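Hi,

Here is the structure I said I'd pass on. Have a look at it first, then read my notes underneath.

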Protein chains: 2
Amino acid sequence: MAKFVYLFSEGDETMRELLGGKGANLAGMTKLGLPIPQGFTVSTEACTQYYTDGEKINDSIQAEIMQYVVKMEEITGKKFGDNENPLLVSVRSGSRASMPGMMDTVLNLGLNDQVVEVIANKSGNPRWAYDCYRRFIQMYSDVVMEVGKKYFEELIDEMKEKKGVALDTELSADDLKELANQFKAEYKAKLGADFPTDPKEQLMGAIKAVFRSWNNERAIYYRRMHNIPGSWGTAVNVQAMVFGNLGDTSGTGVAFTRDPATGEKVLMGEYLINAQGEDVVAGIRTPNTIDQLKNDLPEAYNEFVAICNKLENHYKDMQDMEFTIEDRKLYMLQTRSGKRTAAASLKIAVDLVKEGMVDEKTAISKLLDPSQLDALLHPQFDAAALKAAKVIGKGLAASPGAACGMVALTAEKAAEWGKAGKAVILTRLETSPEDIEGMDFSKGILTARGGKTSHAAVVARAMGKCCVSGCGEIKFKGDDSFELGGNTYKEGDFISLDGSTGNIYDGTIDTVDAEITGDFDTVMKWADQFRTLKVRTNADTPKDAKKAVEFGAEGIGLTRTEHMFFEGDRIAAIREMICAETVEQREKALAKLEPMQQKDFEEIYEALGGKPVTIRFLDPPLHEFIPQDEAGLAQLSKDTGKSREKIDEIITSLHEFNPMMGHRGCRLAVTYPEIAAMQTRAVIKAAIAVNKKGMNVVPEIMIPLISEKKELDYVKSVVVETADKLIAESGASLKYMVGTMIEIPRAALTADEVAQSAEFFSFGTNDLTQMTFGFSRDDAGNFLDDYYGKNIYEFDPFARIDINGVGKLMELAVKLGKQTRPDIKLGICGEHGGDPFTVMFCHKIGLDYVSCSPFRVPIARLAAAQAALSGGEFAAKG
Amino acid sequence: MAKFVYLFSEGDETMRELLGGKGANLAGMTKLGLPIPQGFTVSTEACTQYYTDGEKINDSIQAEIMQYVVKMEEITGKKFGDNENPLLVSVRSGSRASMPGMMDTVLNLGLNDQVVEVIANKSGNPRWAYDCYRRFIQMYSDVVMEVGKKYFEELIDEMKEKKGVALDTELSADDLKELANQFKAEYKAKLGADFPTDPKEQLMGAIKAVFRSWNNERAIYYRRMHNIPGSWGTAVNVQAMVFGNLGDTSGTGVAFTRDPATGEKVLMGEYLINAQGEDVVAGIRTPNTIDQLKNDLPEAYNEFVAICNKLENHYKDMQDMEFTIEDRKLYMLQTRSGKRTAAASLKIAVDLVKEGMVDEKTAISKLLDPSQLDALLHPQFDAAALKAAKVIGKGLAASPGAACGMVALTAEKAAEWGKAGKAVILTRLETSPEDIEGMDFSKGILTARGGKTSHAAVVARAMGKCCVSGCGEIKFKGDDSFELGGNTYKEGDFISLDGSTGNIYDGTIDTVDAEITGDFDTVMKWADQFRTLKVRTNADTPKDAKKAVEFGAEGIGLTRTEHMFFEGDRIAAIREMICAETVEQREKALAKLEPMQQKDFEEIYEALGGKPVTIRFLDPPLHEFIPQDEAGLAQLSKDTGKSREKIDEIITSLHEFNPMMGHRGCRLAVTYPEIAAMQTRAVIKAAIAVNKKGMNVVPEIMIPLISEKKELDYVKSVVVETADKLIAESGASLKYMVGTMIEIPRAALTADEVAQSAEFFSFGTNDLTQMTFGFSRDDAGNFLDDYYGKNIYEFDPFARIDINGVGKLMELAVKLGKQTRPDIKLGICGEHGGDPFTVMFCHKIGLDYVSCSPFRVPIARLAAAQAALSGGEFAAKG
């Protein structure tokens with residue numbers, strides 16, 4: 001028969017999957033001989049079974065739990081509901097990954113009207129006994145029966161008022177007894193039944209409540225943020241109570257073996273005398289710092305310090321511990337790897353290696369979370385200055401970083417001021433591709449509409465620029481101002497954005513810049529030794545490319561040529577091209593673009609210094625380039641010599657019902673092969689030019705949106721014909737590659753055929769995710785929250801790869817592609833490429849590289865190292 | 001070594017794949033001992049090799065052809081370029097499937113200035129010799145060198161004018177000799193080279209030209225229409241020439257063993273005395289009917305009649321033959337199964353079975369083309385009346401059938417007049433879902449915009465209603481009239497539409513109605529004996545459902561509940577629901593809809609008489625239901641008590657960038673579970689109500705647009721909870737099923753998981769095709785023509801299933817679905833369900849049923865029978 005329950009003494013710290021982090025460490029500490037109140041763990045498998053059984057604990061598991069209650073009674077010498085020596089227990093959650101504060105806990109379980117008298121008499125401390133009792137009723141009602149804390153808190157407040165006291169501790173035993181009675185009455189009033197008196201019934205209710213809390217809203221949200229699968233479930237730890245609220249020789253506290261903010265090697269912690277665990281967190285009284293314990297209870301303090309050292313040496317990581325002192329005797333209630341800031345995380349890893357406690361491999365694979373690095377890569381507000389700043393609103397934390405600047409309400413104004421060296425915050429209802437230049441010259445972007453995957457957000461992240469999106473509170477007033485947080489901001493007024501929190505501040509705040517130095521640099525060098533996956537970057541400008549190389553990029557995996565089209569004269573030429581009605585007109589407009597594109601490519605090749613560069617040919621639907629305003633349309637009419645009516649007619653003909661699934665990508669090159677020919681000339685001529693200067697560029701031409709081999713064949717034939725002619729004419733011996741993005745399901749499904757023509761695949765997982773799920777990023781915001789709320793999706797499929805669906809297509813494409821062309825080069829250039837979970841997956845399925853925005857390159861380097869060290873198996877960090 | 005060339009005497013009629021239809025039948029007729037000018041066939045594999053080699057006939061195949069020239073010279077006793085007995089040959093295409101007139105032919109090959117003299121002298125008929133020569137130069141220049149016929153025709157016209165004659169036959173030997181010289185000069189002027197004199201060079205050029213013609217535009221188009229893969233290639237037949245233009249005892253003709261228009265058993269044919277093959281087709285002179293040959297050349301006639309009977313008996317099908325009589329001697333040049341009308345096809349099949357020539361199985365599998373039946377299922381114009389009618393314009397043949405009626409320019413007017421019993425042609429710029437009622441009350445639909453997959457086209461086909469779409473010539477004038485073909489039509493004026501040709505006529509034309517009787521009925525009954533695939537229908541109204549049952553539907557595979565929402569009061573309630581801002585408001589609006597939906601379902605169940613009914617829950621995005629005009633918006637404001645500003649705000653919030661990939665399908669039910677609950681109540685209550693009357697309905701509830709099992713779980717839980725409660729309350733013992741559409745790639749990829757919750761799958765291949773290819777039907781029209789033109793796609797993936805991509809996903813889903821749930825019910829309800837090719841595929845991958853529009857049910861029945869008889873292997877009909 002399956003075993004679902006384990007005594008602490010039956011387990012050990014390696015059994016994390018089964019017993020959860022807390023359970024495994026309680027077992028581990030028991031093995032180490034530390035002072036642990038004993039008990040048992042109901043396994044994560046019991047939780048899974050609970051959900052399989054339709055949110056019921058089945059009879060066989062209930063029976064097993066009851067057997068372990070008996071064993072626990074034997075070990076502790078106490079019994080549930082006993083008149084001599086009653087057993088009281090805590091019931092706590094504990095999943096494989098630490099999810100602090102997300103799930104539920106019940107303390108002091110086992111109390112009823114009779115037991116409370118027993119412990120009151122036995123301890124000679126009726127105040128304590130009734131304090132425990134009223135706490136238990138309150139917690140059980142809240143956690144297990146969902147009555148809601150506030151009703152009980154109101155009763156406490158009434159009592160304090162009646163008694164004329166300020167603190168809970170000033171209430172007497174009788175007051176607390178009276179409160180316990182009031183609480184029970186409240187329970188009955190709310191639920192129509194008496195408060196349960198049978199400790200076994202209480203226990204089963206509490207265990208069920210912990211299982212249930214695995215799927216509460218905040219737990220679901222936390223899991224989504226930290227890549228923790230809903231299928232893992234939580235274990236439940238039933239542990240004998242020890243009491244920090246027995247008087248002045250008792251207390252409870254929490255501590256870290258190193259400073260979680262800086263990583264400094266110093267014991268950090270807080271405690272309260274005469275209190276139970278939740279009091280420290282709840283902030284009812286101000287706790288003392290841990291070093292004061294040396295004075296209050298020196299023996300307990302010394303023992304605690306010794307245990308801290310022992311635990312850190314044993315677990316080889318900074319520990320976060322809970323303890324209780326019951327009448328001078330120290331008990332350890334929990335230990336776990338402590339949460340820490342990104343900076344602390346790097347310092348601790350480097351220090352632990354220096355101290356010889358771990359080797360570099362272990363530091364990389366166990367001590368660091370790649371996602372956390374993000375916080376270190378963007379300019380940050382100076383912490384002190386931030387405290388003093390005034391929050392005026394909050395939007396979505398769309399792209400991290402900190403930015404201060406003058407409000408500009410149009411992209412033109414932002415570009416104008418930006419070029420003049422001013423710091424600008426571009427503030428728009430929403431942004432469009434037309435705004436690119438303005439965005440590029442802004443320090444930060446603020447929008448009133450749009451989610452984390454809106455145009456503003458995506459482009460800002462790609463640019464490594466701070467962005468707060470979807471701040472609905474902004475009310476635009478006319479053309480030159482908006483209201484927010486009760487203030488009116490005109491163009492030129494200063495505001496500040498925190499892209500990591502979504503906060504918007506009045507005025508400016510001092511910032512500090514990001515660099516990869518010191519511990520960060522050390523850790524990156526270690527990572528590079530271990531990883532096998534290359535890391536490239538998505539960069540559309542020489543500036544971005546340079547930044548990425550600084551951050552360790554080994555090439556460009558995606559240059560979006562169209563992003564170059566919005567600048568200066570180019571947009572005029574592009575628009576002329578779009579309005580062309582004959583091949584000749586189109587070629588004339590393209591001829592204007594060609595030298596500009598060539599120059600772009602030369603600069604990018606030079607920025608990369610010979611590292612590989614993948615250039616994607618024109619991708620977006622042409623209507624994205626059309627002017628949005630009357631002035632632009634009039635100009636276009638003038639530039640092209642076509643009437644305004646004719647221009648309108650052309651624009652109407654470009655309208656699409658579903659632009660995402662319209663005339664874009666290689667479809668443009670099929671209709672207008674002259675565009676692909678022009679882009680080929682620019683790519684090849686630029687390569688010939690820089691190679692003459694001694695470089696050895698091998699351009700990789702990437703055809704987007706392929707769904708069929710013959711489609712690629714057609715476009716490739718245009719590219720090859722154009723390129724080979726130029727190369728022959730030049731007398732140079734340039735090599736180049738032609739490959740494709742795999743971003744349409746059919747391309748993945750027929751990858752064996754596509755690979756006959758493609759020399760490389762790059763997974764365009766943004767579109768691949770859209771097509772595979774059948775929803776567009778731009779529209780999914782309308783319903784995805786319902787999906788998260790109803791636990792249908794656990795993760796944002798646009799942020800981390802959906803292994804079951806999109807991943808299946810990727811694996812298939814890799815298999816089929818290699819089948820046809822064993823040496824096919826495989827990469828990913830969707831936004832997923834910078835997500836650590838996705839990097840793991842890419843390593844596992846055998847890609848050669850990931851490509852991501854410059855600011856995610858270090859994240860990908862670390863994630864790739866972890867992937868190599870773990871063999872691609874993702875484990876959420878404890 | 002591979003063999004690419006076969007003498008006629010080496011092959012037989014079963015070698016169609018290798019030798020093409022013409023080659024195989026020439027071999028077959030040779031075996032039968034019929035008088036066949038001998039020669040050889042260059043195989044279809046040589047054609048494939050030609051394309052593999054980059055449109056070159058490689059040296060080894062050229063050498064093989066030359067060996068066969070020698071063999072042919074031995075057999076015929078003639079030699080290329082010989083001074084005594086020169087060999088002249090015809091070079092003709094011949095693919096596996098008959099593609100009449102699509103590819104190229106060269107006659108009289110082998111002539112040059114010297115050879116023409118030899119045959120002139122030898123035959124004593126220089127006129128004939130020079131006629132052959134000028135024909136050859138003309139044909140070779142046109143077909144092989146693509147000079148263009150017209151230059152030569154101009155020269156002939158000049159010559160006739162100069163000579164003052166009307167007919168070619170009136171030109172003398174000298175005139176023709178002069179023309180041949182002029183032709184050669186023209187050739188040199190156009191191509192800068194002399195006309196080739198070496199017969200071997202001529203032959204290789206002609207063979208190459210035939211191979212090339214496999215990919216000419218009309219051949220590509222023909223293949224697309226008839227499901228013929230481009231990979232098949234064509235064979236080339238090189239045959240000794242016989243001459244019908246040797247004088248009055250020579251001639252050439254074509255004949256059918258039965259009447260191809262009616263199927264009547266009577267020899268039908270035409271011939272010309274003193275002519276070559278192309279003269280009959282080209283209509284230069286009016287040919288004689290075949291029975292006159294009895295008088296002209298009685299011996300040849302009698303021999304021909306005997307051969308006709310022999311061939312029909314041998315091939316067991318109506319034959320279409322070409323023959324030539326050279327100086328009284330009959331030669332057969334070709335035989336093949338004759339093309340025929342749908343009605344003829346049925347009569348011939350039934351007659352051949354009656355005559356004992358074939359059995360029913362053979363009749364079903366070999367003699368009938370399911371696609372052809374379409375023509376018989378819609379009302380048709382009376383043929384005589386049609387001849388007299390005046391064409392005023394032409395659009396796309398979007399939905400077959402014939403319709404006459406009064407022009408109505410709004411759906412409201414169409415509905416009003418339709419209800420009053422008037423025949424209406426709804427004429428719109430384009431239609432939208434709002435127009436449904438008006439469309440339903442119209443006889444035909446005409447639009448100025450939109451392709452064959454536009455809203456108008458799709459809905460019209462589903463309704464079995466005639467539709468001509470995308471007639472760009474229509475110019476709307478104000479609100480009440482349009483111009484077309486030089487006339488102005490006001491509302492109330494009569495026009496007629498032919499949905500099978502796209503023609504638009506002035507006034508009315510008599511029509512005849514479709515019925516399944518006589519031969520049609522006989523054939524359908526045979527088909528039903530053989531097929532294993534069930535055939536259901538897509539029907540949204542009791543009327544459509546009844547029609548489908550008449551046509552043999554065995555259930556409903558798709559009822560689109562939303563189509564019911566546009567009628568009468570419903571749209572008001574739906575709009576109120578959309579504008580609801582709370583669950584209560586939404587439920588209030590839904591409560592109004594519920595009894596109407598229930599009544600719809602009762603009527604549909606009753607129309608089906610207990611046959612299974614699959615009901616799809618609300619699918620389209622809500623903005624489709626929003627009024628488009630100010631009056632409608634004002635009414636909505638009044639109905640809901642919300643301000644016009646508020647209404648605008650709601651509409652803005654419903655806007656989507658890519659509605660196809662937006663908030664629709666089950667996503668609506670996730671956000672608004674109360675909609676699914678209402679629809680469940682209507683489905684279940686209706687079933688309980690009709691079952692009380694003695695029926696045994698088991699409703700099949702279909703949840704659309706699933707991409708993830710948990711999504712289905714959520715909606716299913718709402719359905720099951722609602723349904724089970726109602727059933728329990730009613731005391732009845734109703735059964736029902738819950739299943740899903742597989743229309744998103746991810747659903748197919750994770751079908752094993754989805755099948756845990758779905759009791760049936762129905763492939764929604766419209767959306768599945770869109771998502772798999774990554775293009776929307778509404779937008780693909782902008783580029784698909786380029787794709788066909790550049791030979792990237794061979795077929796319209798929205799008309800026949802794309803086996804390589806979409807089909808792969810379907811097969812995967814079937815495999816995964818059955819793995820989880822071996823008895824899962826599998827169907828298809830996309831528009832592909834009525835396409836014979838797709839029906840074959842569905843049979844092959846093991847679906848239980850196909851569902852299609854009522855008017856395609858007989859087509860699907862026949863296709864399903866053919867699939868069962870062939871094991872799902874599709875073969876284009878010869």
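Below is what I found, going from the two chains to helices and then to single residues.

First, some housekeeping. This is a predicted model, so local features need pLDDT of at least 70 and side-chain atom pairs count only at pLDDT 80 or more, while totals for chains, interfaces and linings use all residues. Residues are numbered from 1 along each chain as its sequence is written, chains are lettered from A and ligands numbered from 1 in the order in which they are written, and side-chain values use heavy atoms, with hydrogens and water left out.

**The two chains**

Chain B superposes on chain A after a rotation of 179 degrees with 0.1 Å of shift along the axis, at an RMSD of 0.2 Å (a least-squares fit on the C-alpha atoms of residues with pLDDT of at least 70 in both copies). The two copies are thus related as by a two-fold rotation axis. Within chain B, the residue that comes closest to that axis is Asn658(B), with its C-alpha at 2.2 Å. Both copies use the same surface, as 100% of the contact residues of chain B recur in chain A (contact means heavy atoms within 4.5 Å).

**Helix pairs**

Helices and strands here are DSSP runs (H or I of at least four residues for helices, E of at least two for strands), numbered from the N terminus. Axes are lines fitted to C-alpha atoms, for helices over the stretch in contact, and angles run from 0 to 180 degrees between N-to-C directions.

In chain A, α23 (residues 583-608) packs on α27 (residues 673-692) at about 30 degrees, with the axes 8 Å apart. Their crossing is right-handed (the near helix is turned clockwise from the far one by less than a right angle; anticlockwise would be left-handed). Among the residues making this contact are Leu590(A), Leu593(A) and Phe601(A) from α23(A), and Ile675(A), Met678(A) and Val690(A) from α27(A). By type, the contact has 13 nonpolar, three polar and eight charged residues (Ala, Val, Leu, Ile, Met, Phe, Trp, Tyr, Cys and Pro count as nonpolar, Asp, Glu, Lys and Arg as charged, and the others, Gly among them, as polar).

In chain B, α22 (residues 568-578) and α23 (residues 583-608) pack at about 145 degrees, again with axes 8 Å apart, and this crossing is left-handed. The residues that meet include Asp569(B), Ile574(B) and Met577(B) in α22(B), and Arg586(B), Leu593(B) and Met596(B) in α23(B). That contact divides into seven nonpolar, no polar and seven charged residues.

Back in chain A, α13 (residues 342-354) and α15 (residues 370-377) pack at about 115 degrees, with axes 8 Å apart. Ala342(A), Ala343(A), Ser345(A) and Leu346(A) of α13(A) touch Gln372(A), Leu373(A) and Leu376(A) of α15(A), which gives five nonpolar, two polar and no charged residues.

**Two covered helices**

α35 of chain A (residues 857-870) has 14 residues and should span 20 Å at 1.5 Å a residue, and its end C-alpha atoms are indeed 20 Å apart (the expected span is 1.5 Å times one less than the number of residues). Eleven of those 14 residues are buried, including Ile859(A), Arg861(A) and Gln866(A) (buried means under 20% relative accessible area, exposed over 50%, partly exposed in between, with a 1.4 Å probe and protein chains only). Just after the helix, Gly871(A) has a positive phi of about 70 degrees.

α8 of chain B is mostly covered too, with eleven of its 15 residues buried; among them are Gln202(B), Phe211(B) and Ser213(B).

**Single residues**

Gly444(A) sits in strand β16 (residues 444-447) of chain A and is buried, at 0% relative accessibility. Its contacts include Val424(A), Cys466(A) and Leu497(A).

Phe625(A) is in the loop between β26 (613-616) and α24 (630-640) of chain A. Phe625(A) is buried at 1% and touches, among others, Phe565(A), Phe566(A) and Ile578(A).

What is the sign of phi at Lys316(A), which is not a glycine? Phi there is positive, about 55 degrees, and Lys316(A) is partly exposed at 38%. Asn791(B) also has a positive phi, near 60 degrees, in the loop between α32 (777-789) and α33 (803-820) of chain B.

Cheers

Definitions and conventions. Lists of a residue's contacts leave out its neighbours within four places in sequence.
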